[in-house]
Amino acid sequence: MDYLTTIFPLLFLQASVNGALVGAALWGALSVAQRLWPALALQRSVWLAAQLLSVAALALVLLPQSAQLSLLARVDGSRAAAAPSAPAPATPDALLSDAPAALASDEQGAGADASDWLALARAWLVLYLAGLGVAAARWQRAQRRLRALLDAAHPLCRAQLAAHQAFGPETARRLDRLHVLETEAAVSPMLSGVRQARLLLPAHLRQFSAAQQQMIIAHELTHWRRRDPLWLNVSLVLQALLWFNPLLRKLGSKLSWAQELSCDQQVLAGRAQSERQQYAAALVGQLKMQQSMLALAPQTTLAFGGAHGETLVARVALIRQNGMPALSWLGKATVLGGLGAVLLASVLLQPAFAWRTVTAQPATKAPVAQLAAPIPQAWQAPLASVRVNSFFGVLYGAPAHRHRGIDFGARVGTGVLAAADGTVVVSTDHYDANPNYGSLVVVEHANKMRSLYAHLDSRSVRVGELVRAGQVIALSGASGIVSGPHLHFEVLQDDQPIDPERMLGDLADKGGKHARQARATRAAS
């Protein structure tokens, strides 16, 4: 459908830019906030919220009505061009620069040509999908390496856990839902899995002192109780969705850092300085093992020891100085409120480009009028098989009034075709301008012309969608006030009905006997 090939790429380009800008704004705001509140480094909820809001900023732009919230003036993406010597047939690309319903005012017409924007948007959509595929492939490779590592390990039963210096009988009894495995591989202790959590321990862990082993295990069990693997995987999914934004990866690193620091703080709360020193020594001892682990399962695990030497040095310094003060609820609320304000500003200040300004404009009732023929445009009949039941302008009804369009004979479920290229401006089951019409679609074309299709059984297009001549936009039916199934078709110029035969050509040979007689009577009157 044209929405997917024309409108959606343009919207997605705008949404991607918005998501990237919001991510940059959130990163800058949090960098400043962390200088004011150093304890922000421990708040995993803040760093995860920043990633969620970045993705939300992208998604909000794609919502149909979000552009109406913008406080900025509408922006036209077209560039003024010299008038052609002869009018060209309307196409979706041309509609982006010509159709009044698809573009904003001409006052902003200094931008790039609409076709250039469309080409750029389509190229970006293809590139984005390719990048998303690469991110998914990396995820799959990491999962395969992790599964191979876990499959090679052997599980520890409750008796083995009870005999392990790192656990003891009391801890072992509380691990019914956690699968503990041991491996000969030179890795750091790591926690993985969302639905089925697994704790992988290296055999060399037994070489540490009993106190160090217990603190290392306490660190991993704190991750488990806090469901940190779940939030880590959510963060990785968000980073994959906005893979083109490096600042989202920085926010993800801050989330991992907050998880490790807060676990350190919980494990060491109330412990003596000597125990803190042992804990720091265990972190340093795991550094080389951590580097080996990164080559085996780099993405989806929480491993004791940190990601690299720089983070280890920082963690050891915090451990020795007894951590950092907690962030108050007021401080946390202030930071989260500020993040929400950034997202709100991105919605209120997003440019309302031409492709976002298509709105339904119901036609008003007007008397039948014979207007001068509009500039020619390629039109076709709205049905593949044409049979006219009632021509334009004939008298009918009580009190008698003139027919505003043409009635085509059509069984329920017959495909209704767009008569010309255009933009859908109305698609509804209740048309305020004439409730008798039932389910209805109105398409706006070049030169302020509209085509109206009434008494439909179902509609397959929505407001703002670009359609091509001959595209199926609905199925005919008998909705509204009718005597039987048919398609009522109107052509309007400046909201006033004109004879559709001006656009479709002479249909006299397509009319039934009664229709031709009524048409002859109209001509004689």
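## Strand β15 and its surroundings

Ser439 has Leu456 in β15 as its bridge partner. That pair is a handy way into this predicted model, where local features need pLDDT of at least 70, side-chain atom pairs count only at pLDDT 80 or more, and totals for chains, interfaces and linings use all residues. Residues are numbered from 1 along each chain as its sequence is written, and side-chain values use heavy atoms, with hydrogens and water left out.

Start with the strands. Helices (H or I, at least four residues) and strands (E, at least two) are DSSP runs, numbered from the N terminus, and two strands pair if DSSP finds at least two bridges between them. Strand β14 (residues 439-444) runs antiparallel to β15, with 5 bridges joining the two. They make a hairpin with 4 residues in between, and Asn447 in the turn shows a positive phi of about 65 degrees.

β15 also pairs with β18 (residues 486-493), again antiparallel, through 6 bridges; here Ala454 has His488 in β18 as its bridge partner. With β17 (residues 472-476), β15 pairs in the antiparallel sense over 3 bridges, and Ser458 stands opposite Leu475 in that strand.

How enclosed is β15 (residues 449-459)? Of its 11 residues, 8 are buried, so the strand is largely enclosed by the rest of the structure. Buried means under 20% relative accessible area, exposed over 50%, and partly exposed in between (1.4 Å probe, protein chains only).

Now for the charges. Side chains of opposite charge can pair when their charged atoms come close. The cut-off used here puts a side-chain nitrogen of Lys or Arg within 4 Å of a carboxyl oxygen of Asp or Glu. The whole structure holds 9 salt bridges, including these:

| Salt bridge | Closest N to O distance |
|---|---|
| Arg44 with Asp228 | 2.4 Å |
| Glu444 with Arg450 | 3.2 Å |
| Arg404 with Glu490 | 3.6 Å |

Take the pair of Arg44 and Asp228, with closest N and O atoms 2.4 Å apart. Arg44 sits in helix α2 (residues 44-62) and Asp228 in helix α8 (residues 228-241), so this salt bridge ties together parts 184 residues apart in sequence. Arg44 is partly exposed at 22% relative accessibility, while Asp228 is buried at 0%. Both belong to a salt-bridge network that links Arg44, Arg226 and Asp228.

The salt bridge of Arg404 and Glu490 has its closest N and O atoms 3.6 Å apart. Arg404 is in the loop between β10 (401-402) and β11 (406-409), and Glu490 is in strand β18, so the pair ties together parts 86 residues apart in sequence. Arg404 and Glu490 are both buried. Glu444 and Arg450 are buried as well.

Back in helix α2, Gln51 is worth a look. Gln51 counts as buried, with 0% relative accessibility. Neighbours within four places in sequence aside, Gln51 has contacts (heavy atoms within 4.5 Å) with Ser235, Leu238, Gln239, Leu248, Leu251, Gly252 and Leu255.

Last, a helix pair. The axes of α7 (residues 210-225) and α9 (residues 246-268) come within 9 Å and cross at roughly 125 degrees. Axes are lines fitted to C-alpha atoms, for helices over the stretch in contact, and angles run from 0 to 180 degrees between N-to-C directions. The two helices are therefore oblique to each other; angles under 35 degrees count as roughly parallel, over 145 as roughly antiparallel, 65 to 115 as roughly perpendicular and the rest as oblique. Among the α7 residues that meet α9 are Met215, Ala218 and His219.
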